[in-house]
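Thank you all for making the time this morning. I would like to walk through one chain slowly, and I would ask you to keep the picture in view while I talk.

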Amino acid sequence: QQSYFDDVKAEYVDRRNTLITELEKIEGVKVATPKGAFYCVVQLPVKDTDAFAQWLLEDFNLNNETVMVAPASGFYSTEGEGKNQVRIAYVLKKEDLIRSVEILAKALETYNN
């Protein structure tokens, strides 16, 4: 049914827009609007997102919660590209996306201080 696909598309557009709106609230973060993907490539105010992603999983929590990001350097064929970028999928409910970005913002604040 076309209405099912229209509903799914609308839901993902809403999730994408929610994620971008929340990410843009964080100082030093840059994000482009994807056209047909389920993820955003996000530039973070860190030098090495591989190290940051590992730190998030091993050393950081906010009320026993953390987030997992995919460092973007592995998605580039050119050495050194994407070192300060991550991929963030927007497959979660809007409320969970908002909470995830809150955790990410606090993590960035902690990591950079």
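Asn63 sits in the loop between H2 and S3, where helices (H or I, at least four residues) and strands (E, at least two) are DSSP runs, numbered from the N terminus. This is a predicted model, in which local features need pLDDT of at least 70 and side-chain atom pairs count only at pLDDT 80 or more, while totals for chains, interfaces and linings use all residues. Residues are numbered from 1 along each chain as its sequence is written, and side-chain values use heavy atoms, with hydrogens and water left out.

To stay with that loop for a moment, the phi of Asn63 is near 55°, a positive value in a residue other than glycine, and Asn64, which lies in the loop between H2 and S3, has a positive phi of about 65° although it is not a glycine. Most residues other than glycine have a negative phi. Are these residues buried or exposed? Asn63 counts as exposed because its relative accessibility is 65%, and Asn64 counts as exposed at 73%; the term buried stands for under 20% relative accessible area, exposed for over 50%, and partly exposed for what falls in between, with a 1.4 Å probe and protein chains only.

Let me turn to the sheet. It is an open one, formed by 4 strands in the order S1-S2-S4-S3, with antiparallel pairing, and two strands are said to pair if DSSP finds at least two bridges between them. Strand S1 (30-31) and strand S3 (70-71) stand at the edges with a single partner strand each, so one side of each is left without a neighbour in the sheet.

Going across the sheet, S1 and S2 run antiparallel and are joined by 2 bridges, with Lys30 standing opposite Gln43 in S2. Strand S2 (residues 39-43) then pairs with S4 in the antiparallel sense over 5 bridges; here Cys40 stands opposite Ile88 in S4, Val42 has Val86 as its bridge partner, and Gln43 has Gln85. Finally, S3 and S4 pair in the antiparallel sense over 2 bridges, and Ala70 stands opposite Arg87 in S4.

Which side chains of S2 point to the buried face? Cys40 and Val42 point to one face and are buried, while Tyr39, Val41 and Gln43 point to the other and are not. In a regular strand the side chains alternate between the two faces of the sheet.

Now for the helices, beginning with H1, which has 22 residues and reaches 32 Å from its first C-alpha to its last, close to the 32 Å expected at 1.5 Å a residue; the expected span is 1.5 Å times one less than the number of residues. H1 lies across S1, S2 and S4, running at about 10° to S2, where axes are lines fitted to C-alpha atoms, for helices over the stretch in contact, and angles run from 0 to 180 degrees between N-to-C directions. Its buried residues, among them Leu19, Ile20 and Leu23, pack against S1, S2, S4 and H3, and contact here means heavy atoms within 4.5 Å.

Helix H3 (residues 94-111) has 18 residues and spans 25 Å, close to the 26 Å expected. The residues of H3 that are buried are Leu97, Val101, Ile103, Leu104, Ala107 and Leu108. Why do they lie on the same side of H3? They do so because they cover an arc of only 165° around the axis, the arc being that of the directions from the helix axis to the C-beta atoms. These residues pack against helix H1 (2-23), helix H2 (49-59) and strand S4 (85-89).

That brings me to the core, by which I mean a set of buried Ala, Val, Leu, Ile, Met, Phe, Trp, Tyr and Cys residues joined through side-chain atoms within 4.5 Å. The largest nonpolar core has 27 residues, of which Leu23, Val42, Leu44 and Phe52 touch the most other members. H1, S2, H2, S4 and H3 are the elements that give two or more residues to this core, and the largest share, 6 residues, comes from H3. Leaving aside neighbours within four places in sequence, Leu23 is in contact with Val29, Val31, Val42, Ile88, Val101 and Leu104.

I will close with Glu27, which is found in the loop between H1 and S1 and is exposed, with a relative accessible area of 77%. Glu27 and Lys106 are 79 residues apart in sequence and 11 Å apart in space, C-alpha to C-alpha.
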